[in-house]
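Q: Got a minute to go through this one with me? I'd like to start with the fold and then move on to the DNA.

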2 protein chains.
Amino acid sequence: MILASRATGSEGRPHHQFRLSEGCIALSQTLADGRRQIVDIVGPGALVGIVLGDKNRMTAETLSYCHIERQHGDDVDKTYSAICEAMKRIEAHTVLLGRKTAPERVASAILDLSERFSRPQRAHFESPVFNLYLGRGDLADWLGLSLETVSRCFTRFKRAGLIDFDEPEIVTLLNTPALQAIADGAASA
Amino acid sequence: MILASRATGSEGRPHHQFRLSEGCIALSQTLADGRRQIVDIVGPGALVGIVLGDKNRMTAETLSYCHIERQHGDDVDKTYSAICEAMKRIEAHTVLLGRKTAPERVASAILDLSERFSRPQRAHFESPVFNLYLGRGDLADWLGLSLETVSRCFTRFKRAGLIDFDEPEIVTLLNTPALQAIADGAASA
DNA sequence: CGAGACTTTGAGTGTGCTCAACAATGGTGG
DNA sequence: CCACCATTGTTGAGCACACTCAAAGTCTCG
């Protein structure tokens, strides 16, 4: 499912924004020969169409059922803090893409998505379980890797007892600190 | 030379911004083991310290003599369009880091910097000459490559007659369309 | 049951990295 | 002025990580 990608004009501030209240959206760009890069994964609470000028053509793709609410643009403080969040995400992702190894990228992605999409836990002692809305191919296009490399990292983490999954999209975190160490580049693999 | 990296608090909009009127600044982040990623290169006209919350610790480093002016934060439209520009830059850079090859990255960087830092041309027929404010190492940290790879790409472009330089920081564009084709992934090398 | 989409796994290759030596430049002090 | 050192850039050899190509397995859906 493809959403209209332009929510605002080329300059000036937009008159209203759209807030994603539920679901998951991928914003991506594609090179001439088909190489695709997912620039941001938008989760609940984030604004959609923040700075979509007309220079950068961006494709927005829903990865689940989504619910979007209109938010008035004159609530400047809310808009500003949402932009802050988007900036921080993309800045962190820049470091990931420029300087992290494949396992580090996958670990970072798992932790990031788990924080943003984990289901409410039933008991405090249960391991966090969450739904990757992205398939292996989408993860690859987000993390700047190939599909196969992503898959290999997942099985590696599974064999190492850091995560578990039966269906490839439903992941259980078994050892969050170890994953965090890998994501930060402090552990080997 | 290191600037103070926080120009705004953690949330809400800042009361004033700083506009770079002259010079060049690199914004970077560093991993625990020293790997560095330059997240953005700020040129004349751009805002400094846009979304520097306290979560993402960002280092700002001047690469030349700089002149910075205060700009009032209540000029919302100006601020907003500057944020737009910053977003577009970092989004394009995300594609570069995630999906482009080394020569494509270097060609993109040369073109980007030439647009933002080229000296006024004396005659219309002269080839554009500009100053890379970044050294090879900084370019590497910006483009997610190693210093040596950046250097090799430069000499490759030089040998191919696409650019020229005697001092490694002062570059002349000899064949902009060919560079553009490489940057876009439409030409082999 | 077969078609299609997605994932996993393997084998081999290549791009870009690491390690290393050398050259060019500029600043400092004898 | 030149020797000395630090810094930066260039170039080469070899390697490794991640990619490409390929095949087989799983699941859903018609």
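A: Sure, one term before we start: helices and strands here are DSSP runs, with at least two residues for a strand, numbered from the N terminus. With that, a hairpin of five residues joins β9(B) to β10(B). Keep in mind that this is a predicted model.

Q: OK, which sheet do β8, β9 and β10 of chain B make, and in what order?
A: They make an open sheet of three strands, ordered β8-β10-β9 in chain B, and the pairing is antiparallel.

Q: Which strands sit at the edges?
A: β8 (129-131) and β9 (163-164) of chain B, and each of them pairs on one side only.

Q: Remind me, what do strands of a sheet pair through?
A: Backbone hydrogen bonds, and the pairing can be either parallel or antiparallel.

Q: How many bridges does β10(B) have with β8(B)?
A: Three, in the antiparallel sense. One of the pairs puts V129(B) against T172(B) in β10(B).

Q: And how many bridges join β9(B) to β10(B)?
A: Two, again with the strands running antiparallel; β10 covers residues 170-173 of chain B. On that side D164(B) stands opposite T172(B), while I163(B) has L173(B) as its bridge partner. So T172(B) turns up twice, facing D164(B) in β9(B) and V129(B) in β8(B).

Q: Which helix lies across those strands?
A: That's α2 of chain B, residues 102-117. The helix lies across β8, β9 and β10 of chain B, and runs at about 95° to β8(B).

Q: Switching to side chains: where is R89(B)?
A: In helix α1 of chain B, which spans residues 76-99.

Q: What does its side chain make a polar contact with?
A: With the side chain of D40(B), at 2.7 Å. Leaving out residues up to four places away in sequence, R89(B) touches D40(B), I41(B), A46(B) and R116(B).

Q: Now the two copies. What turn and shift lay chain B on chain A?
A: A turn of 180° with a shift of 0.0 Å along the axis, giving an RMSD of 0.0 Å. The two copies are thus related as by a two-fold rotation axis.

Q: Why do you say the copies meet through the same surface?
A: Because 100% of the interface residues of chain B are also interface residues in chain A.

Q: On to the DNA. How many residues surround strand C, and which are closest?
A: There are 18 residues around DNA strand C, and the closest are R136(A), S151(A), T155(A), A102(B) and T149(B).

Q: Which elements supply that surface?
A: α3 (136-143) and α4 (147-159) of chain A, plus α4 (147-159) of chain B, each give at least two residues. The largest share near DNA strand C, five residues, is from α4(A).

Q: What's the mix of residue classes there?
A: Near DNA strand C there are five nonpolar, eight polar and five charged residues.

Q: Which part of strand C faces the protein, backbone or bases?
A: Some of each: among the atoms of DNA strand C within 4 Å of the protein, 57% belong to sugar or phosphate and the rest to bases.

Q: Got specific distances for strand C?
A: A polar side-chain atom of S151(A) is 2.7 Å from a phosphate oxygen of DNA strand C. A polar backbone atom of A102(B) is 2.8 Å from a phosphate oxygen of DNA strand C. For the bases, R152(B) has a polar side-chain atom 3.3 Å from a base oxygen of DNA strand C.

Q: And strand D, which residues come nearest?
A: A102(A), T149(A), R136(B), S151(B) and T155(B), out of the 18 residues around DNA strand D. Here α4(B) gives the most to the surface, with five residues. The classes near DNA strand D are five nonpolar, eight polar and five charged.

Q: How much of its protein-facing part is sugar or phosphate?
A: 61% of the atoms of DNA strand D within 4 Å of the protein, with the rest in bases.

Q: Distances for that strand too, please?
A: T149(A) has a polar side-chain atom 2.3 Å from a phosphate oxygen of DNA strand D. S151(B) has a side-chain N or O atom 2.9 Å from a phosphate oxygen of DNA strand D. R152(A) places a polar side-chain atom 3.2 Å from a base oxygen of DNA strand D.

Technical notes. Residues are numbered from 1 along each chain as its sequence is written. Chains are lettered from A and ligands numbered from 1 in the order in which they are written. This is a predicted model: local features need pLDDT of at least 70, side-chain atom pairs count only at pLDDT 80 or more; totals for chains, interfaces and linings use all residues. Side-chain values use heavy atoms; hydrogens and water are left out. A residue is near a molecule or strand if one of its heavy atoms lies within 4 Å of it. A polar contact is a pair of N or O atoms within 3.5 Å; within protein, one must be able to donate a hydrogen and the other to accept it, and residues adjacent in sequence count only if both atoms are side-chain atoms. Helices (H or I, at least four residues) and strands (E, at least two) are DSSP runs, numbered from the N terminus. Ala, Val, Leu, Ile, Met, Phe, Trp, Tyr, Cys and Pro count as nonpolar, Asp, Glu, Lys and Arg as charged, and the others, Gly among them, as polar. Copies are superposed by least squares on the C-alpha atoms of residues with pLDDT of at least 70 in both. Contact means heavy atoms within 4.5 Å. Two strands pair if DSSP finds at least two bridges between them. Axes are lines fitted to C-alpha atoms, for helices over the stretch in contact, and angles run from 0 to 180 degrees between N-to-C directions.
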